[in-house]
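Work through three short exercises on the model shown below. Each task comes with a stepwise solution.

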Amino acid sequence: MNKNSKNYVKWWLEQEKSRKNNSLPVKITLAGIKLSVIPQAFLPSPRQTHSTPLLIKNIKHYNFMGKKVLDIGTGSGVLAIYSALNGASLVTATDIDEHILYAAKKNADLNKITGIHFMKSNLFESVEGKYDYIFANGPISPESWSEKSLAGHSISSYGETLFSQYRNYLTDGGLMFMTFAEFGSTEKFYKTLKKYNVIDKEKREKKFGVWWSFHEIRK
């Protein structure tokens, strides 16, 4: 990990410690979506991260009308809500924490969205059926997310599970969207993509002194 990445992770962890100590939800608006983000959930604020903002920026030209969408590790629920607001016919949002799922549903209610199916699942564990779009914007930094917090998945095994199984849940012509950043296990990430012959289109941007990448992944 380079110096900029180390500095960013240190700063991010300090922000997260302060947020958790405060123990109150943080209210933000992202892509016109109102969110109240509890301390247990990832905060997708552009003041603190570029992962979710970069992902939303790069999916704006995709047609969600009538699509089936799976949001793995929904967190605040922002990507599930975005999909529903843009016409998705079916949205399934998963997480491993029931408190996070409850809060994400509250965020859906806050944006007058009903019909999202919030479901407890560790990655694809409880998922059935096939989807046109999958969001898999999961944890990438071992400094930020412990194996315990991932219900037994290490950062490495998260990628192994994701890339070995995602094709089973995509329709023909379906796409998976995710972001990655250089403070994660970059070498391991690209090796895993190669290992599973992942067809990947990447776009990169620099923010907070760190390179972030958006990935469009085909079946």
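A residue is buried when its relative accessible area is under 20%, exposed when it is over 50%, and partly exposed in between. By that cut-off Arg19, at 6% relative accessibility, is buried. Bear in mind that this is a predicted model.

**Exercise 1. Determine how the buried and exposed residues of helix 1 are arranged around its axis.**

Step 1. Get the geometry. Helix 1 covers residues 3–22, 20 residues in total. Its first and last C-alpha atoms are 29 Å apart, close to the expected 28 Å.

Step 2. List the buried residues. They are Ser5, Tyr8, Val9, Trp12, Glu16 and Arg19. They lie on the same side of helix 1, because they cover an arc of only 95° around the axis.

Step 3. Turn to the other side. There Lys3, Lys6, Lys10, Lys17 and Asn21 are exposed.

Step 4. Find the cover. Strand 1 (26–30), strand 2 (33–37) and strand 9 (210–218) are among the elements over the buried residues.

Step 5. Check the ends. At the start, a side-chain oxygen of Asn2 comes to within 3.2 Å of the backbone nitrogen of Asn4. Just after the helix, Ser23 has a positive phi of about 65°.

**Exercise 2. Trace the salt bridges that join Glu16, Arg19 and Lys20.**

Step 1. Pair Arg19 with Glu16. Their closest N and O atoms are 2.8 Å apart. The two residues are separated by about one helical turn, because they sit three residues apart in helix 1.

Step 2. Pair Lys20 with Glu16. This salt bridge has an N to O distance of 3.1 Å. Here the spacing is four residues, again about one helical turn.

Step 3. Add burial. Glu16 is buried at 5% relative accessibility, whereas Lys20 is partly exposed at 43%.

Step 4. Look at helix 4 (residues 98–110), where Asp109 and Lys105 are four residues apart. Their salt bridge has its closest N and O atoms 3.7 Å apart. Asp109 is partly exposed at 37% relative accessibility, and Lys105 is partly exposed at 43%.

Step 5. Join the partners. Shared salt bridges link Glu16, Arg19 and Lys20 into one network. The whole structure has eleven salt bridges.

**Exercise 3. Describe the surroundings of Ser121.**

Step 1. Locate Ser121 in the loop between strand 5 (117–120) and strand 6 (131–135).

Step 2. Classify Ser121. At 3% relative accessibility, this residue is buried.

Step 3. Collect contacts. Beyond four places in sequence, Ser121 touches Thr94, Asp95, Ile96, Ser126 and Val127.

Step 4. Add polar contacts. The Ser121 side chain reaches the backbone nitrogen of Ser126 at 2.9 Å. A polar atom of that side chain lies 3.4 Å from the backbone nitrogen of Glu125.

Technical notes:
Residues numbered from 1 in each chain as written. Predicted model: local features only at pLDDT ≥ 70, side-chain atom pairs only at ≥ 80, totals over all residues. Heavy atoms only, no water. Expected span 1.5 Å × (residues − 1). Buried < 20%, exposed > 50% of the residue type's maximum accessible area, 1.4 Å probe, protein only. Arc of directions from axis to C-beta. Contact = heavy atoms within 4.5 Å. Polar contact = N/O pair within 3.5 Å; in protein donor to acceptor, adjacent residues only side chain to side chain. Salt bridge = Lys/Arg side-chain N within 4 Å of Asp/Glu carboxyl O.
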